[in-house]
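Biologist: I would like a close look at a single part of this model, and then an account of how the rest is arranged around it. Please keep the wording plain.

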Amino acid sequence: MKKEAAKNLRAFAIELAVYAVLVTCYFFLVLHLLGEWLYHLEARHRYTYAVVAILLIAVQAVALDAVTTLLFRFLRRRRR
Amino acid sequence: MFFPISNAHINPIYLVVVGFIIGILGGFFGVGGSFIAGPALRLMGVDWNYAVGTDLAHIVGKSIVAAKQHRALGNVDLKLGSIMAFGTIGGAECGAQLIQALKRAGNVNMVVSYVAIVVYLGISVFMLWESRKTLQSDKRRSQAGLVKGAESKKDRSAFGPVTRSIQRVKIWPMIALPTSGIREISLWIVLLVAFVGGIFSGFLGGGAGYIRMPSMVYVLGVPTHLAVGTDLFEIVISASYGTISHAIKGNVDILIALVMHTGAVIGAQIGVVATQYFAGPKIRLAFVPLPLIGAAIVIYTLMTGHKL
């Protein structure tokens with residue numbers, strides 16, 4: 001039981017590490033490439049900004065969910 | 001890191017950690033976590049109107065992930081969630097208009113802070129009373145040998161008699177919610193519960209799961225696990241509307257929301273898996289400290305100015 005818990009914890013730690021690298025790259029892309037554009041969009045075109053905002057968060061949710069699911073599956077397969 | 005839209009300097013790691021904690025809470029309790037996220041953003045000096053709008057945007061993303069996971073576990077009543085979304089959207093718009101009126105009057109931070117404290121404390125006290133009473137009653141029943149097998153896993157509530165009286169109110173049209181085990185209930189009661197939740201959502205931010213999840217259990221009589229999943233599904237629809245509404249009014253910093261959400265994705269997955277290991281009253285009892293944390297942060301912010 002303890003061995004199983006340790007294995008799960010290790011898998012989770014690996015997932016977190018991989019995820020952290022992905023997220024750091026993502027920060028760079030989103031904040032540096034989109035930051036300025038979103039700032040101007042918010043100031044000048046509020047309606048477009050509202051649509052872009054909701055699309056960005058929804059797309060990010062689906063994409064990151066897919067990434068974490070894939071990571072979980074990959075790590076579980078490796079454990080077997 | 002500087003976030004130009006809300007004109008705030010916030011450490012992104014702080015945002016990711018806050019997102020992660022909220023993700024766990026959201027997955028486990030079916031709440032958006034605004035009672036933590038709103039005060040946590042305010043703590044960093046973000047104005048309440050931005051804290052409210054940005055939190056809503058982050059909640060959309062987090063709830064998509066958690067609702068998808070709950071759907072896979074069979075914890076979502078799609079019919080109930082879809083009906084409630086209409087009431088919530090109407091209420092959220094009223095709440096957002098209230099925020100706008102306070103913004104114009106120049107006292108948005110003070111009023112929202114006081115309302116938040118009262119609401120958070122009220123929910124905690126009520127849920128503590130109810131879940132403790134239910135757990136004590138379950139203990140007595142099991143000691144007397146009245147509870148056996150599957151019966152012991154039934155989601156009881158000390159508020160049950162009041163719930164049954166509400167379900168007996170006959171105001172046409174009556175609807176059936178078989179997934180939630182409700183034979184008959186007035187459509188207007190469902191919409192009213194959603195509308196009240198919506199007002200809190202638009203006014204205090206977030207999906208107002210801290211109001212809606214307990215309301216679904218105590219007023220409508222939905223089992224706790226289903227209330228958690230259905231609430232999240234409903235939050236996706238209503239928080240999306242709230243985000244668009246607040247973004248048009250200039251209250252959303254989507255960059256902050258995107259950063260917070262990266263932590264929430266992992267947290268939500270952990271929270272959803274954890275619900276399988278706890279009974280309804282225990283989930284409700286564990287919920288009690290959460291609004292208290294939110295209230296404590298707001299009180300601290302009020303007393304000290306803002307930043308920690």
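In which loop of chain B is the place of Pro173(B)?

Modeller: The model is a predicted one. Pro173(B) sits in the loop that runs between α6 (160-168) and β3 of chain B. The peptide bond that leads from Trp172(B) into Pro173(B) is cis, and its omega is near 0°.

After this loop comes strand β3 (residues 174-177) of chain B, which has the highest mean pLDDT among the elements of chain B, 92. β3(B) pairs with strand β4 (residues 182-186) of chain B in the antiparallel sense, over 3 bridges. One pair of bridge partners can be named: Met174(B) is matched with Ser186(B), a residue of β4(B). The two strands make a hairpin, with 4 residues between them. Gly181(B) lies in the turn of that hairpin and has a positive phi of about 75°. As background, the side chains of a regular strand alternate between the two faces of the sheet.

Positive phi values come up elsewhere in chain B. Gly221(B), which follows helix α8 (residues 209-220) of chain B, has a phi near 85°. Asn7(B) is a residue other than glycine, yet its phi is positive too, near 60°. Asn7(B) belongs to the loop between β1 and β2 (8-9) of chain B. This residue counts as exposed, because it has 12 C-beta neighbours inside 10 Å, and a residue with 12 or fewer is called exposed.

Phe3(B), in strand β1 (residues 2-3) of chain B, gives the opposite case. Phe3(B) has 23 other C-beta atoms within 10 Å, so it is buried; the cut-off for that is 20 or more. Leaving aside residues up to four places away in sequence, Phe3(B) touches Ala8(B), Ile10(B), Asp253(B), Leu255(B) and Ile256(B). Some of these partners come from a distant stretch of the sequence, and a C-alpha distance illustrates the point. Phe3(B) and Ile254(B) are 251 residues apart along the chain, but their C-alpha atoms are separated by 9.6 Å.

Next come two of the helices. α8(B) is mostly covered, as 12 of its 12 residues are buried. Among them are Tyr210(B), Arg212(B), Pro214(B) and Leu220(B). A straight helix of 12 residues would span 16 Å at 1.5 Å a residue, whereas α8(B) spans only 14 Å between its end C-alpha atoms. Helix α5 (residues 108-143) of chain B has 36 residues. From its first C-alpha to its last, α5(B) reaches 52 Å, close to the 52 Å expected at 1.5 Å a residue. The buried residues of α5(B) include Val112(B), Tyr120(B), Ile123(B), Met127(B) and Glu130(B).

Now for chain B as a whole. Its secondary structure comes to 12 helices and 4 strands. The C-alpha trace spans about 60 × 40 × 35 Å along its principal axes. A compact globule of 308 residues would have a radius of gyration near 19 Å, and chain B agrees with that because its own value is 19 Å. Of its 308 residues, 56% count as buried. Among contacts between residues at least 6 apart in sequence, 81% join residues at least 24 apart.

Chain A has 2 helices and 0 strands. Of its 80 residues, 15% count as buried. Where the chains meet, 25 residues of chain A are in contact with 26 residues of chain B. On the chain A side, the elements that give two or more residues are α1 (2-44) and α2 (46-79) of chain A. The most comes from α2(A), with 15 residues. This side of chain A divides into 19 nonpolar, 3 polar and 3 charged residues.

Last, the confidence scores. Chain B averages a pLDDT of 83, and 91% of its residues score at least 70. Helix α11 (residues 280-287) of chain B has the lowest mean among the elements of the chain, 76. Over residues 149-153 of chain B the pLDDT stays under 50, and the model has 3 contacts beyond four places in sequence for that stretch. For the complex, the predictor gives an ipTM of 0.84 and a pTM of 0.76.

Methods: Residues numbered from 1 in each chain as written. Chains lettered and ligands numbered in written order. pLDDT = per-residue confidence, 0-100. Contact = placed C-beta atoms within 7 Å. Rg over C-alpha atoms; globule rule 2.2 N^0.38 Å. Nonpolar A, V, L, I, M, F, W, Y, C, P; charged D, E, K, R; others polar. Pairing = 2+ DSSP bridges. Expected span 1.5 Å × (residues − 1).
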